[in-house]
Amino acid sequence: MLGLYILIAILLVLAAFVAVLLIRTAAFKPKNEKRAVPHEEVFDKDAAVSALAELVKCKTVSSYKKEEEDEVEFEKLIGMLPKLYPSVFVTCELKKLEDRALLFRWKGKSVGEPAVLMAHYDVVPVNEDMWDKPPFDAIIENEVMWGRGTLDTKVTMNGVLSAANKLISDGFVPENDVYFAFSGGEEVNGLGALNIVNYFKEQNITLGVVVDEGGAVVENVFPGVKSPCALIGIAEKGMLNLEYTVKSAGGHASAPKPHTPVGVLSMACSKVEAKPFKAHITKPVAEMFDTLGRHSNFVYRMIFANLWCFRGVLDMIAKKSGGEMNALMRTTVAFTQMSGSSAPNVIPPEATMVSNIRLNPEDTVESAMEYIGSVIGDDSIKLTAHNGTNPSRISSTDCDGWRKVSAAVADTWQGSIVSPYLMVQCSDSRHYGAISDRVYRFSAMALTTEERATIHGNNERIRLDAVYKAVEFYIRLMRQL
Ligand SMILES: [Zn+2]
């Protein structure tokens, strides 16, 4: 009899548990934010396309190999701007700062906090033989423009300047100052953006909103979500190249000790891979789950609505599959380089390996090194940090800056789900964390997976429709600034 009561009690608890899961899942539906149909923005589309083509034709390649850079091409691009965007040059003042930084100021009616719209006009080098069309001719075929920098990020520079050019021609004056901040060395960690941030600091200018490259309108990025997602980065992960070095007496390979330096490093490598960093659902990721999760299929909605219960399951899936979901939740470690001795029969006097580490907002360069050191537990391995950058500050999503950017995104890409997210790459905007918690990373484009792959790769190209949309987005944004 007692057994039966216990069984009934267990069943009741189980039923209550399932009921809680289901009720929470049912309540976890898209927030109903009905938007009025935005009015159409009319502007000179042909002018926007031909201006972008002119920018693309300048070979503004920045490279760690200085001989691959041609300063004349950068000057050519800068010299061309007044002709391409004449009204901008009538109204805005242009300040040039060190390291090819360009800072335009468009004076507003009031003295409230200004906005900063960023882009970079340098591009990464090309492997011309691998391209189907020349990378710097801006050839247009079937409504597609080919060329290095079309996506990254001359399209947004052109978007900002074409939008401002149109609005200024119409007699529009923004409420507050708007700055356009363009750097010419983003791809090589140049100092242009930092110099601009320092200028704002010196002038005691506090910013209302900053928009730089980052997320985009993309499909198939979140489990179970079919609609396009417009991802706006509200933080970016930090980065660290960690070098592991082991020294030995070297010698001939015919009578080795049980472990050579390469063996020692391999053990360290497998230990680190076996013990990934702890998962954290930080603010950007929590808000992304809470936004996109509501649009997902039943199973995932149940998981994201009940993270109190399924967090462990989600973590297990992420750990096993790696990839983007995992990168959102933890500091990741990718072993990328290893070197030993110069001959097959010589024990290396020194062996090194390098891992590229992307730091979750909860980690720092120091805490990550400490964790790796403890996982390895081997004092013979020396750890050296190279190019360590801590994660960025996390931007607010409860302020006018966020609301303005997300409204412009929602009106331009109707039908897409606008969501905060954590960027796993680095951008120039990380420097702005020092002066603002309203920095939003969004590349104003809808991109397919295939198109995304051409960024920094071969055959980079853009649909003309995307060129128009970028202009449209900035017009909608500027009207609110
Ligand atoms: Zn790039």
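Colleague: How does the domain assignment split the protein chain?
Modeller: Into two domains. Domain 1 is 45-235 + 392-478, and domain 2 is 246-389. Those bounds come from an automatic or database domain assignment.

Colleague: What kind of model is this, and how is it numbered?
Modeller: This is a predicted model: local features need pLDDT of at least 70, side-chain atom pairs count only at pLDDT 80 or more, and totals for chains, interfaces and linings use all residues. Residues are numbered from 1 along each chain as its sequence is written.

Colleague: Back to the domains. How far apart are the C-alpha centres of domain 1 and domain 2?
Modeller: They lie 32 Å apart.

Colleague: And how many residues does the contact take from each domain?
Modeller: It takes 19 from domain 1 and 18 from domain 2. Two residues are in contact if their C-beta atoms, placed from the backbone, lie within 7 Å.

Colleague: Which element gives the most to the side of domain 1 that touches domain 2?
Modeller: Strand β13, with five residues. β8 (229-236) and β13 (417-423) each supply at least two residues there. Strands (E, at least two residues) and helices (H or I, at least four) are DSSP runs, numbered from the N terminus.

Colleague: What classes of residue make up that side of domain 1?
Modeller: It has 14 nonpolar, four polar and one charged residues. Ala, Val, Leu, Ile, Met, Phe, Trp, Tyr, Cys and Pro count as nonpolar; Asp, Glu, Lys and Arg as charged; the others, Gly among them, as polar.

Colleague: New topic. At what angle do α13 and α15 pack?
Modeller: At about 140°, with their axes 9 Å apart. α13 is residues 400-412 and α15 is residues 464-478. Axes are lines fitted to C-alpha atoms, for helices over the stretch in contact, and angles run from 0 to 180 degrees between N-to-C directions.

Colleague: What do you call that arrangement of α13 and α15?
Modeller: That angle makes α13 oblique to α15. Under 35 degrees is roughly parallel, over 145 roughly antiparallel, 65 to 115 roughly perpendicular, and the rest oblique.

Colleague: Is the crossing of α13 and α15 left-handed or right-handed?
Modeller: Right-handed. A crossing is right-handed if the near helix is turned clockwise from the far one by less than a right angle, and left-handed if anticlockwise.

Colleague: Which residues meet there, from α13 and α15?
Modeller: Lys-404, Val-405, Ala-408, Val-409, Asp-411 and Thr-412 come from α13. They meet Lys-469, Glu-472, Phe-473, Arg-476 and Leu-477 of α15. By class, that is five nonpolar, one polar and five charged.

Colleague: Let's look at α7 and α12. How do they cross?
Modeller: Their axes come within 9 Å and cross at roughly 115°. That crossing is right-handed. Ala-268, Lys-271 and Val-272 of α7 touch Ile-372, Val-375 and Ile-376 of α12. The contact has five nonpolar, no polar and one charged residues.

Colleague: Is Val-272 buried or exposed?
Modeller: Val-272 is buried, because 20 other C-beta atoms lie within 10 Å. The rule: 20 or more other C-beta atoms within 10 Å is buried, 12 or fewer is exposed, and in between is partly exposed, with C-beta atoms placed from the backbone.

Colleague: And what about Lys-271?
Modeller: Lys-271 has 14 other C-beta atoms within 10 Å, so it is partly exposed.

Colleague: What does Val-272 contact, leaving aside neighbours within four places in sequence?
Modeller: Val-333, Ile-372, Val-375 and Ile-376. On that same basis, Lys-271 is in contact with Val-375 and Ile-376.

Colleague: Switch to α6. Which of its residues are buried?
Modeller: Gly-192, Ala-193, Leu-194, Ile-196, Val-197 and Phe-200, in a helix that runs over residues 192-202. They pack against β1 (93-97), β2 (101-106) and β6 (178-183).

Colleague: What lies in the loop between β1 and β2?
Modeller: Arg-100 is there. Its phi is positive, about 60°, although it is not a glycine. Arg-100 counts as buried because it has 25 C-beta neighbours inside 10 Å.

Colleague: Why point out a positive phi?
Modeller: Because most residues other than glycine have a negative phi. Asn-387, in strand β12 (residues 382-389), also has a positive phi, about 45°. With 11 C-beta neighbours inside 10 Å, Asn-387 counts as exposed.

Colleague: Last one. Where is the cis peptide bond?
Modeller: Between Asp-152 and Thr-153, with omega about -15°. Thr-153 lies in helix α5 (residues 150-169). Most peptide bonds are trans.
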